[in-house]
Amino acid sequence: MVKFLRPALATAAAGLVVVTGLVAGTHTATDDAYAAGTPASASPGKTFSPAETAAPAKTAAPVGALFANGSHFCTASVVHSGTGDLVLTAAHCVKDGMAFAPGYHDGVAPYGMWTVTDVAVADGWTASADPDLDFAFLTVQQPGNPASLESLTGANVLGTDRGFTHRITLTGYPDTTDSPVVCEGDTTRSDTYQLRVACPGFPDGTSGGPWVDGGAVIGVIGGYQLGGDTPDVSYSAYFDDDIAKLYASANG
């Protein structure tokens with residue numbers, strides 16, 4: 001089992017819009033102050049023992065489900081940006097015709113659907129699906145709504161170069177449910193540029209789910225084994241200069 005099915009890679013590669021830009025570090029005093037303010041991270045959730053399974057729960061608005069062809073298939077979250085319209089997910093989730101439903105729960109999209117209008121992935125992902133670059137930024141808009149997404153939902157800041165050991169809140173949308181699962185867990189280093197967390201109950205559909213520490217998103221379910229081949233252990237590419245560059249380009 002993987003967090004999102006491998007055939008999506010071919011679809012993603014065909015539909016990508018790749019952008020590049022300057023390096024922009026995001027571990028700043030400004031970001032930390034923003035993280036401590038009104039924009040919220042995912043709801044705290046429960047700590048699960050290895051024998052337990054994450055239970056469906058409502059989630060804070062910055063986290064939501066990605067939809068295509070009428071069904072949700074991956075997870076994403078709002079990340080702070082100058083334009084307020086930026087969403088973070090896993091690169092292997094990218095496909096044509098995506099829409100984002102922030103705060104989705106119990107089959108309800110409280111902020112409506114937001115159409116994905118642009119996608120930014122790293123060159124290395126496009127060239128070889130490098131698991132260390134399994135992240136993507138999506139630009140979204142809602143026709144007829146002059147407000148930015150972030151102004152309505154709040155956002156997490158992007159946390160880069162923050163090390164491998166964290167206490168995180170992990171949120172994702174399994175394919176088979178209309179509400180998210182939420183778990184708290186401790187991250188460890190899995191490989192040179194990979195993080196790992198043992199959080200039971202994260203099957204297919206949870207790819208792109210944010211790893212949030214104190215209002216900063218430091219990872220997304222993806223990377224090694226497209227996020228993990230069991231529902232009980234998840235992985236993320238390490239957020240360093242590669243994602244900082246991508247963020248700077250997507251942020252305009």
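This is a short tour of a predicted model, stop by stop, with something to select at each one.

Before you click, note that residues count from 1 along each chain as its sequence is written, and that side-chain values use heavy atoms, with hydrogens and water left out. Because the model is predicted, local features need pLDDT of at least 70 and side-chain atom pairs count only at pLDDT 80 or more, while totals for chains, interfaces and linings use all residues.

**The whole protein**

Start with a cartoon view. You'll find five helices and 14 strands; these are DSSP runs numbered from the N terminus, with helices being H or I of at least four residues and strands E of at least two. Of the 252 residues, 54% are buried, meaning under 20% relative accessible area (over 50% is exposed, in between is partly exposed; 1.4 Å probe, protein chains only). Now switch on a surface: the protein exposes about 9,600 Å², and carbon and sulfur atoms supply 53% of that (Shrake-Rupley method, 1.4 Å probe; for residues, only the protein chains shown count as cover). As for contacts (heavy atoms within 4.5 Å), 73% of those between residues at least 6 apart in sequence join residues at least 24 apart.

**The big core**

Next, select L66, L88, F137 and L158. In the largest nonpolar core, which has 40 residues, these four touch the most other members. Such a core is a set of buried Ala, Val, Leu, Ile, Met, Phe, Trp, Tyr and Cys residues joined through side-chain atoms within 4.5 Å. Color β2 (63–68), β3, β4, β6 (114–121), β7 (136–141), β13 (216–220) and α5 (241–250): each supplies at least two core residues. The largest share, five residues, comes from β6.

Zoom in on F137. Leaving aside neighbours within four places in sequence, its contacts include L88, V119, L158, I243 and Y247. In soluble globular proteins, nonpolar side chains tend to be buried together.

**Two disulfides**

Now show the cysteines as sticks. How many disulfides does a search of the whole structure find? There are two, where a disulfide is a pair of cysteine sulfur atoms within 2.5 Å.

Pick C74 and C93, whose sulfur atoms sit 2.1 Å apart. The torsion about their S-S bond is about -75 degrees, so this disulfide is left-handed. C74 lies in strand β3 (residues 71–78) and C93 in the loop between β4 (86–89) and β5 (99–102), so the pair ties together parts 19 residues apart in sequence. Both C74 and C93 are buried.

Then move to C183 and C199, joined with an S to S distance of 2.2 Å. Here the torsion is about -90 degrees, so this disulfide is left-handed too. C183 belongs to strand β10 (residues 181–191), and C199 to the loop between β11 (194–198) and β12 (210–213), 16 residues away. C183 counts as buried because its relative accessibility is 0%.

While you're at C183, add I168, V197 and W211 to the selection: they are among the members of a second, separate core of 13 residues.

**Last stop: D134**

Finally, select D134, in the loop between α3 (123–128) and β7. Is D134 buried or exposed? At 0% relative accessibility, D134 counts as buried. Its side chain makes a polar contact of 2.7 Å with that of H92 (a pair of N or O atoms within 3.5 Å; within protein, one must be able to donate a hydrogen and the other to accept it, and residues adjacent in sequence count only if both atoms are side-chain atoms). A polar atom of the D134 side chain also lies 2.8 Å from the backbone nitrogen of G223. Among the other residues touching D134 are W125, V220, L226 and A237.
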